[in-house]
Amino acid sequence: MKILKYMAGCVLAAGVALTAIAAQAAEPIRIGEINSYSRLPAFLDPYKKGWELALEEVNAAGGIKGRPLEIIDRDDGGKPGNAVTIAEEMVSKEKVTLLTGTFLSNIGLAVTDFAKQNKVFFLAAEPLADAIVWKSGNRYTFRLRPSTTMQAAMLAKEAAKTGAKKWATVAPNYAYGKEAVAAFKKELTKLVPDAEFVEEQWPTVFKIDAGPVVRAVEAAKPDGIFNVTFGGDLAQFVREGNLRGTFENRTVVSLLSGEPEYLEPLKGEAPKGWIVTGYPQGAVDTPEHKAFFDAYMKKWGEAPKLGSIVGYNVIASLAALLNKADAYDTETLVDTMKGLEVMSPSGKFVFRAQDHQSTMGAWVGKTDVKDGAGVMVDWFYADGADYQPSDEDVKAMRPAD
Amino acid sequence: MSFYFAQFLTGLSSASSLFLVACGLSLIFGVTRVVNFAHGSFYMLGAYVAYSLVQVVPGSILGFWGSVLAAALIVALVGVLVEMLILKRIYNAPELYQLVATFGVVLLMQDAILLIFGGEDQFGPRAPGLDGVVRIFGEPIPEYDLLLIALGPIVLGVMWLLLNRTRWGILVRAATLDREMVAALGVNQSWLFTTVFFLGSFLAGLGGALQVPRVSINLLMDLSIIAEAFVVVVIGGMGSIPGAFIAALLIGELNAFGVLVLPQATIVLAFVVMAVVLVIRPYGLLGKAETLAHSAGQVELPIRPASTLAKSVAGLLLAGLVVMPFLAGEFAIVLATDVLIFALFAASLHFIMSNGGMVSFGHAAYFGLGAYGAAFVIKYAGGSMELALLAAPLMAAAGALVFGWFCVRLSGVYMAMLTLAAAQIVWSTAFQWQDLTGGDDGLLGIWPSEWAKSKTAYYYLALVLCGGGILAMRRMIFSPFGYTLRGGRDNPNRTESIGINLRHHQWAAFIVAGMFAGIAGGVYVFSKGSIFPDEAAIPRSVDALVMVLLGGVQTLSGPVVGAGVFRLLEDEISRLDYWRAILGAIIIAIVVIAPEGIAGFIKKIAIKAGFERNEEQSS
């Protein structure tokens, strides 16, 4: 009996000692990442490759204050309810320091609300919905990617320069499409007070019947077309429109269509001369982007897409946050994140204190076809800081913390 | 005028595309009575295969059409494989089993296609020789559209010849009318079914392959076409190919002119038309009333109150659930809350399915209505959680009252399809009525009252409401109401003849089931804090069916066991890559290997071991 007790004591002591050593050496900082990997592989594969690259770089450089960074990523299958359950698990069982991820706006919003209710830090990576930082904004949620309204504002500014007055809009019939059209209308009428919107088309998302849509737009005889459709709907819209000559002699302004995720599948049929937001990949020649581009090519053997940059910037933002914060409790993290400056491949950006939106921008340019592939030309980087609402507007839109 | 004519032609070309897919589905259903969810997957596969083949032989007209035909053939062979390996084993099972099995195939195919063809959208080349436009009354019409417009009637004609002028066609038509009689006359049914599957899958593959020059090919094609194809098949009359043609024309033109008149309600429109048609002509435009099978299939054993052993197991389980929060971690409590909610949801479906013999393919409608009902109270009436949880069953019951009145007039698979249409109406309304429901962005900030805020308190609330609901339904099953329902299920004519208004009883059962599903939805929305249209969509309805099936349709404890196993399984395997394929394979395996479900399997063992009475011997 005595021997048994002695042995137990030994084991216990050894265990305690080992844990202590391990903890001293490097207890990882755990980050929970939730995304719709199985539902939207075309977008989230590049995204994951982006954050894996950044994670590797952070840990190779010694981690965060000597502690390695660890990402626990989970697939929500595209269901908001699942995402909330996973968020619960990550917080209560995996003991993550903070949450990040999400692509679809509805899942982003579900987790935004979860963060508010449970007082958990959440960095929304990809969702575009304005509500994440405005209507449903809260103390615990930040957002990285430029929002629908920011990108619509970038396009409206360029659209105003073309002199087109009569506009038709084509947007998928759900929250994102409606928000984009409303934002574009608002921004454009600010710049061109006599702009007219003569036709609105609301095809069902992912089920566009492009023929009738194109015909209806044509019948209205607009000077300009504002397009919000994306993915397969965009491809069909472009093909039917090209076939019928709908885009000839018209200004076309199109949200996100310059992102390689959307432009590449169109190949040689990519539209020419559309004004778009997107990402000109290899053409961006700032030193910080070149370093990222080369490292990405080396690790994955393919060019990064927009999702890759977003994924990379998520880790860049979180590493900056964790390096700067003195403590990792949620309240300190939130306070540190406000006004945090981040250096990234897309340039320096700041997380705005007033609405928690990052000032990461987007590239604005025109589409063209080179060597049988769609590319962006005449582009410039539109800094997100230049397309923000006034502080009074933010106050009016965003509930107080 | 020329504009409307051009719009009409566009509608025709969509109609042709739709018809190709729908006629294969209708053919398969007519002969084999399989509601084939995987038909959309075959369509998607056809598109992917054709796209890949066209890449190899670019440019030439022969190469393009060769690729289209080869793709259709490859898909047909895959269809035959699915039929021989999976469906052949479950033809005698109720429709539900086949539907769920084909949904397993859908999940498998999604991951298989992702693995083989990659996740990126693919955009095929235009059809060589048909890449321009023709001016008709001055309006540009794509040449390829004209080809499609011609192809619809051609396929219809070929199908008519096949069915009316060949021996095979005569057998197929005979089997559509009365398959037992055909079997009794010595026709090899097994072979006949396989050929029907070959042709049906061929048409699905062809439909997909022909879309390569028109649409971008992506991984969401399968479920987006299948809902529309079901609408066409049901409107046309299940099993009727000319009916499918007329219905495809109707839906194609409805979409073409719908975007001009009512662009905000395009999704709802098709389902409303389907519901209207079914109310006026319950078997579709050209469909015939379902012929009753001669053998009623397996006769179910009468339900008996639980044995002492079963009661003590249930008691132990309940005691375990009560003390659980003291022993387990916080996440286990969250997961257990989920299980309770889904157990009630599955039990409510089981209530009408098992007792009433009414299969609902759209039970998520009432789950969703309950959840939205609760959310509305919080959002628009400024009410409390308690009030909202009262509104949830009321809203769901109101929905079931309306939909149920139409649904109980039909039976079997027609009824199931009408419930599906009802669910799609709820889903598309939630999706498109943005001012009320927030559309896709949903309603947020629906959290429990202060006292129920902690996970443990909320768990106990869920335990009381969901556990209470399950026990209440169990009580009803052993009440005269329950016996009447089972009487109607086993023999409607006799039940009616002793003066029971069966339809009223079924309607009441439908409302009860909807109400309890609504409670589940209400409890769910407060546990997640938000509600989105997905909760009323097809996958949620299939979840309920899978849970019931997993537990065992003919076992009272089935849905509870099924919900528990399903939810925990989903939580575990969604951590893996390609988890949808794994889930699909598990679903198929259960349907094929253990159709009596987990609880049914345990019961069988218990009877064998002598713990439970064997009904057949005792009666």
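**Entry 1: two helices in chain B**

I started with how helix 4 of chain B passes helix 22 of chain B, and the crossing is left-handed. I should jot down straight away that this is a predicted model. Helix 22 of chain B covers residues 538-551, and I get an angle of about 115° between helix 4 of chain B and this helix. Their axes are 10 Å apart.

Next I looked up who does the touching. From helix 4 of chain B I wrote down B:Leu96, B:Tyr97, B:Leu99, B:Val100 and B:Phe103. From helix 22 of chain B the list is B:Val542, B:Leu545, B:Val546 and B:Leu549. Sorted by class, the contact of helix 4 of chain B with helix 22 of chain B has nine nonpolar residues, no polar ones and no charged ones.

**Entry 2: the domains of chain B**

Where do the domains of chain B begin and end? The domain assignment gives domain 1 as 2-258 and domain 2 as 308-613. I found the C-alpha centres of domain 1 of chain B and domain 2 of chain B 33 Å apart.

Then I checked the contact between these domains: 24 residues of domain 1 of chain B meet 23 residues of domain 2 of chain B. Which elements give two or more residues to the domain 1 side? They are helix 4 (95-117) and helix 9 (221-236) of chain B. Helix 4 of chain B, my helix from the first entry, gives the most to that side, with 14 residues. The classes on the domain 1 side come out as 19 nonpolar, two polar and three charged.

**Entry 3: chain A against chain B**

I moved on to the contact of the two chains. It takes 54 residues from chain A and 54 residues from chain B. On the chain A side, the elements that each supply at least two residues include helix 2 (41-60), strand 2 (69-75), helix 3 (80-92) and helix 7. By class, I noted 22 nonpolar, 17 polar and 15 charged residues for the side of chain A that touches chain B.

I picked one helix pair to look at. Helix 7 of chain A (residues 210-219) packs with helix 1 of chain B (residues 2-32) at an angle of about 165°, and their axes are 9 Å apart. Why do I call them roughly antiparallel? The angle of about 165° is over 145, the cut-off for that word, so helix 7 of chain A and helix 1 of chain B are roughly antiparallel to each other. Their crossing is right-handed.

In helix 7 of chain A, I listed A:Gly211, A:Pro212, A:Arg215 and A:Ala219. They meet B:Phe3, B:Ala6, B:Gln7 and B:Thr10 in helix 1 of chain B. This contact has four nonpolar, three polar and one charged residues.

**Entry 4: a sheet in chain A**

Last, I traced an open sheet of seven strands in chain A, in the order 7-6-8-9-10-13-14, and its pairing is mixed. Which strands are at the edges? They are strand 7 (196-201) and strand 14 (373-382) of chain A, and each pairs on one side only. The twist averages 25° from one strand to the next.

I also followed one pair: strand 9 (residues 251-258) and strand 10 (residues 275-278) of chain A run in the parallel sense over three bridges. There, A:Val253 stands opposite A:Ile275 in strand 10 of chain A. Helix 5 of chain A (residues 148-162) packs on the sheet, and strand 8 (224-227) and strand 13 (362-370) are among the strands it touches. The direction of helix 5 makes about 155° with that of strand 9 of chain A.

Terms used: Residues numbered from 1 in each chain as written. Chains lettered and ligands numbered in written order. Predicted model: local features only at pLDDT ≥ 70, side-chain atom pairs only at ≥ 80, totals over all residues. Axes fitted to C-alpha atoms, helices over the stretch in contact; angles between N-to-C directions. Helix = DSSP H or I, 4+ residues; strand = E, 2+ residues; numbered from the N terminus. Parallel < 35°, antiparallel > 145°, perpendicular 65-115°, else oblique. Left-handed = near helix turned anticlockwise from the far one by under 90°. Contact = placed C-beta atoms within 7 Å. Nonpolar A, V, L, I, M, F, W, Y, C, P; charged D, E, K, R; others polar. Domains from an automatic or database assignment. Pairing = 2+ DSSP bridges.
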